[in-house]
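Biologist: I am new to this structure and would like to learn how to read it, feature by feature. Could we take the surroundings of the ligand as our starting point?

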Amino acid sequence: MVQQQGNPQYIIMKEGSSRTRGRDAQGMNLMAARAVAEAVRTTLGPKGMDKMLVDSTGDVIITNDGVTILKEMDIEHPAAKMIVEIAKTQDNEVGDGTTTAVIIAGELLKKAEDLLDMDIHPTVITTGYRQAASKAIEVLNSLAYPVTIKDEELLKKFAITAMTGKSPEFVGDKLADLIVKSVKAVVDENGKVNVDDIKVEKKVGGSIGDSELIQGLVIDKERIHPNMPKTVKNAKIALLDTALEIQKTEIDAKIGITTPDQLQSFLDQEEKMLKDMVQKIKKVGANVVFCQKGVDDLVQHYLAKAGIMAARRVKESDLKLLAKATGAKVSTSIDELSKDDLGAAGLVEERKIGDENMIFVEKCKNPKAVSFILKGSTEHVVDELDRAIHDALRAVGTVVQDKKYVSGGGSTEVELALRLKEFASTVGGREQLAIEAFAEAMEVIPRTLAENAGLDPIDTLVSLRSKHEGKGALKTAGINVFTGEAVDMKKIGVIEPLRVKTQGISGAAEVAVMIMRIDDVLAASKLSG
Ligand code: ADP
């Protein structure tokens with residue numbers, strides 16, 4: 001550290017590092033963050049466009065999914081990265097509404113910039129934004145409608161709304177039906193849904209309409225011996241987390257064998273041990289075995305001879321799901337395997353899907369894990385279908401869990417904007433301006449939906465506002481992007497889980513506030529090489 005004479009300035013950072021302060025720092029951060037939000041804007045809604053992303057190895061992704069786009073973009077700017085985080089959090093928490101959350105954050109920052117230009121201090125803006133965000137959550141809760149797991153037709157609408165805009169929408173109704181069925185299958189006694197219990201297998205070939213739901217599991221493995229049965233009805237399934245092999249000793253040991261007889265008896269002993277394993281499996285009554293580890297050649301042979309179907313090196317995650325689907329318990333030792341550990345399935349069968357053999361464990365009674373087989377003509381189609389299904393499963397899972405929903409198509413955002421403006425007038429002071437700005441920022445959603453549908457955003461907003469105000473006001477009036485009219489979104493079934501909106505708005509507000517509060521950027525020099 002050097003103190004310069006007559007100029008009490010300290011050198012506190014290494015050479016090559018940079019520092020930006022005050023309004024400059026804010027300006028740069030706001031610009032970078034808004035640029036990210038701008039990048040996904042055109043994909044919002046059913047009429048949103050897709051993006052083609054090419055990575056450094058030349059792989060191509062075609063998608064409309066906000067979080068996928070942002071994850072694939074190689075974003076460097078720290079403030080811009082914070083916006084990407086919103087999408088990731090939204091995806092983790094609710095699985096849908098990622099684009100919406102990012103667009104709202106971008107708009108909040110844009111409005112904040114206008115306020116900064118009016119010389120309003122960032123602290124005032126952040127305080128106002130925080131107040132507005134918590135009021136917004138309160139209002140959203142008051143706008144929510146109830147739904148139960150029994151409302152199947154209604155639940156299908158959540159799946160369809162989550163999938164619109166992504167390629168599979170033309171078979172949306174069939175897929176929505178399968179999605180609702182799968183969520184209903186895995187919901188537990190406390191009403192919790194873990195969508196990881198719904199396994200999704202992707203296969204190129206056929207068309208999207210050929211996708212199906214299996215009441216059980218599909219395992220990407222084939223039977224280990226050609227003489228094993230390909231089909232087992234009324235399967236009794238053993239799940240083993242132990243090798244069907246002779247375990248090597250942990251310590252180095254030598255066995256002295258001096259005569260051919262001794263060698264023979266040693267080999268006989270090994271064979272007997274392996275035979276005993278199969279004997280044990282037979283005795284407990286299993287006719288299908290899924291083993292997480294290896295299976296000795298001899299064991300394979302004896303299993304085949306006993307008419308038992310087996311697969312080896314099954315993934316741990318698959319074994320857990322098999323347990324949930326069939327009611328089996330995973331055994332860690334063959335000696336401890338008992339009849340009670342076995343699971344059941346009406347049918348276990350090896351089938352060819354495309355070029356690969358897979359084992360279908362189906363017709364399970366009340367399975368707590370199920371599988372989707374997604375099909376599509378090309379890899380890109382199947383991948384986008386996978387993302388759409390992911391969003392839809394999460395949306396339905398969330399709403400089944402929370403039992404609350406709001407109307408979509410920008411209707412909730414327009415209502416929210418009105419309520420927040422009313423709230424702003426009760427607050428007063430400079431914060432009022434920030435709350436008003438927050439309220440106006442909500443309108444970016446209907447505006448963007450209209451823009452992306454080739455409609456006039458101003459006209460749309462004006463007609464929506466008029467429907468939400470005055471006599472006969474309709475809180476659920478939103479934009480039907482296919483006709484351009486302001487209609488009741490609840491009536492036409494454009495609905496979304498409440499949590500998609502609460503998480504989106506609070507996530508966007510938190511990050512906007514965080515970015516606003518930065519007035520000094522100290523950046524170390526980049527490591528070279
Ligand atoms: P996100 O990643 O935020 O879910 P989407 O591209 O899926 O982005 O668009 C979601 C928005 O589109 C929501 O505001 C939703 O209400 C709206 N939306 C979905 N279907 C329709 C529809 N048929 N008409 C109008 N708006 C719709």
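**Reading the ligand shell**

Modeller: This is a predicted model, and sorted by class, the shell around the ligand in it holds 7 nonpolar, 15 polar and 2 charged residues.

Biologist: Which residues come nearest to the ligand?

Modeller: Among the 24 residues around the ligand, the nearest are G45, T99, T100, G408 and G409. The elements that each contribute two or more residues to this shell are α4, α14 (444–452) and β16 (477–480).

Biologist: Which element gives the most to the shell around the ligand?

Modeller: That element is α4, with 3 residues. In reading any helix, it helps to remember that an α-helix has 3.6 residues a turn, so residues three or four places apart point the same way. In this case, α4 has 20 residues and spans 29 Å from its first C-alpha to its last, which is close to the 28 Å expected at 1.5 Å a residue.

Biologist: Is α4 mostly covered or mostly exposed?

Modeller: Mostly covered, since 15 of the 20 residues of α4 are buried.

Biologist: What follows α4, and what is the sign of its phi?

Modeller: The helix is followed by D119, whose phi is positive, near 65°, although D119 is not a glycine. D119 lies in the loop between α4 (98–117) and α5 (122–143), and D119 counts as exposed because it has 6 C-beta neighbours inside 10 Å, where 12 or fewer is the cut-off.

Biologist: Where is R313 found, and is R313 buried or exposed?

Modeller: R313, a residue other than glycine with a positive phi near 50°, is found in the loop between β10 (309–311) and α10 (316–326). R313 is exposed, because 12 other C-beta atoms lie within 10 Å.

Biologist: Why does T43 count as buried?

Modeller: T43 counts as buried because it has 23 C-beta neighbours inside 10 Å, and 20 or more are needed for that label. T43 sits in the loop between α1 (22–41) and β2 (51–54). Leaving aside residues up to four places away in sequence, T43 touches G48, M49, D50, K51, N64, G66, I69 and T99. As for N64, 21 residues separate it from T43 in sequence, while the two are 5.6 Å apart in space, C-alpha to C-alpha.

Biologist: Which domains does the domain assignment give?

Modeller: The assignment gives domain 1 (18–146 + 407–523) and domain 2 (217–366). Taken over C-alpha atoms, the centres of domain 1 and domain 2 are separated by 53 Å.

Note on methods. Residues numbered from 1 in each chain as written. Predicted model: local features only at pLDDT ≥ 70, side-chain atom pairs only at ≥ 80, totals over all residues. Domains from an automatic or database assignment. Helix = DSSP H or I, 4+ residues; strand = E, 2+ residues; numbered from the N terminus. Expected span 1.5 Å × (residues − 1). Near = placed C-beta within 6 Å. Nonpolar A, V, L, I, M, F, W, Y, C, P; charged D, E, K, R; others polar. Contact = placed C-beta atoms within 7 Å.
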